[in-house]
Amino acid sequence: MAMSIRLFFLALLLLASPFLQVVRCESDSESESEGSGELGIVDDGVQDFADFTPAPGIDTVTVFPKNSARIVPAGEEAELLVGLNNEGESTVNVIAIKASLHLPFDHRLLVQNLTVQEFNNATVPLSAQATFPYIFGVSKFLQPGTFDLVGTIIYEIDQTPHQSVFYNGTIEVVEASGFISIESVFLFTLGVALLGLGGLWIYGQIQNLSKKTKRSPKVEVGTGTTDASMDEWLQGTAYAQAASNKLKKKK
């Protein structure tokens, strides 16, 4: 129960301090101990770390400041905060933070190794908490979609290396703002072409309807007019013979 309360307050600390590199906290004991550290070299290359095991008494929590939806634009920098709570037996020396991107359905399929961020003289004393920022960037050529981000913090206790996974969950990769992809241009061109073809088809249908609505030429018969198409339809009937007899009598 006490550990859950400490993690809860650590999460609140992360939310309240999005720009803090390393937080100095009061010790739970009567004496005060401080977590201090200096942000070191950011290495864009991939550094190999052995598969160290997590140390007992070390707990982590992760917060995406001002980005609760965990949306990461491709080609742009993103930031998360790693909170470390030291309830072990010795001071923790934080060495680096690394992360990688994987396909959600199979973590053996690596998409991208992200930045390895190293720290110089970053220590977390016993019974203290500290916050470490991690800035990373997803390749601008990565297709938008859902991916799994696996983040690991590497540290030493009594000169023995350890590592803990601070985040293993999904992020949403989207196109960068103001970036027009080839797919967007293709879809726009296709939409314009379809609208043009649709307009031509509607124009042709209107032309056909206008031709059909034109009346057939009329033939004058005596003092009246009779539709030529109707005369052809009535030709040879009794009505046509009666009409012919009437014309003869008038003559």
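**Strands, rings and a surface patch**

User: Hi! I'm looking at L194: buried or exposed?

Analyst: Hello! L194 is exposed, because its relative accessible area is 53%, and the cut-off for that label is over 50%. Keep in mind that this is a predicted model.

User: Thanks. Where is L194 found?

Analyst: L194 belongs to helix α2, which covers residues 182–212.

User: And which residues make a nonpolar surface patch?

Analyst: L194 is one of them. The others are F186, L187, L190, L197 and L200, and the patch has an area of about 660 Å².

User: Nice. Let's switch to strands. What order does the open sheet of three strands have?

Analyst: The order is β2-β4-β8, and the pairing is antiparallel. The edge strands are β2 (58–63) and β8 (128–137), and each of these pairs on one side only. From one strand to the next, the twist averages 25°.

User: How many bridges are there between β4 and β8?

Analyst: There are 10 bridges between β8 and β4, the strand at residues 77–86, and the two pair in the antiparallel sense. Two positions you can look for: L80 stands opposite Y134 in β8, and N86 stands opposite A128 in β8.

User: How many bridges join β2 to β4?

Analyst: Six bridges join those strands, which also run antiparallel. For an example, start at D59: its bridge partner in β4 is N85.

User: Why is β4 described as largely enclosed?

Analyst: Eight of its 10 residues are buried, so the rest of the structure largely encloses β4.

User: You mentioned Y134. Which ring does Y134 pair with?

Analyst: Y134 pairs with F136. Their ring centres are 5.7 Å apart and the planes are at 20°, so this pair is stacked; the cut-off for stacked is under 30 degrees. Both Y134 and F136 are buried.

User: How many aromatic pairs does the structure hold?

Analyst: It holds three aromatic pairs. Another one of them is F119 with F132: their centres are 5.4 Å apart and their planes are at 70°, so the pair is edge-to-face. That pair links distant parts of the chain, with F119 in strand β7 (residues 116–124) and F132 in strand β8, 13 residues apart. Both F119 and F132 are buried.

User: Why give both a distance and an angle?

Analyst: A pair of aromatic rings is described by the distance of the centres together with the angle of the planes.

User: Got it. Now β9: how many of its residues are buried?

Analyst: 11 of its 13 residues are buried, and this strand, at residues 145–157, is mostly covered.

User: Which strands pair with β9?

Analyst: β5 (residues 92–103) and β9 pair in the antiparallel sense over 10 bridges; in that pairing, L101 stands opposite L149. Strand β10 (residues 160–174) also pairs with β9 in the antiparallel sense, over 13 bridges, and there V150 stands opposite N168.

User: What do β9 and β10 form, and how many residues are between them?

Analyst: They form a hairpin with two residues between them. D158 lies in the turn, with a positive phi of about 55°.

User: Where do the side chains point along a strand?

Analyst: In a regular strand they alternate between the two faces of the sheet.

User: New topic: how many salt bridges?

Analyst: The structure holds one salt bridge. It is where the side chains of D106 and R108 meet, at 3.1 Å from N to O.

User: D106 first: buried or exposed?

Analyst: D106 is buried, because its relative accessible area is 18%, and the cut-off for buried is under 20%.

User: And R108, buried or exposed?

Analyst: R108 is exposed, with a relative accessible area of 75%. That gives you one buried partner, D106, and one exposed partner, R108.

User: Last thing, where is P54?

Analyst: P54 sits in the loop between β1 (36–43) and β2. With 54% relative accessibility, P54 counts as exposed.

User: What separates the C-alpha atoms of P54 and V165?

Analyst: They are separated by 8.2 Å, while the two residues are 111 residues apart along the chain.

Definitions and conventions:
Residues numbered from 1 in each chain as written. Predicted model: local features only at pLDDT ≥ 70, side-chain atom pairs only at ≥ 80, totals over all residues. Heavy atoms only, no water. Pairing = 2+ DSSP bridges. Helix = DSSP H or I, 4+ residues; strand = E, 2+ residues; numbered from the N terminus. Axes fitted to C-alpha atoms, helices over the stretch in contact; angles between N-to-C directions. Buried < 20%, exposed > 50% of the residue type's maximum accessible area, 1.4 Å probe, protein only. Phe/Tyr/Trp six-rings, centres within 6.5 Å; stacked < 30°, edge-to-face > 60°. Patch = residues over 30% accessible without salt bridge, like charges linked within 9 Å, V, L, I, M, F, W, Y side chains within 5 Å. Areas by Shrake-Rupley, 256 points an atom, 1.4 Å probe, with all protein chains shown as cover. Salt bridge = Lys/Arg side-chain N within 4 Å of Asp/Glu carboxyl O.
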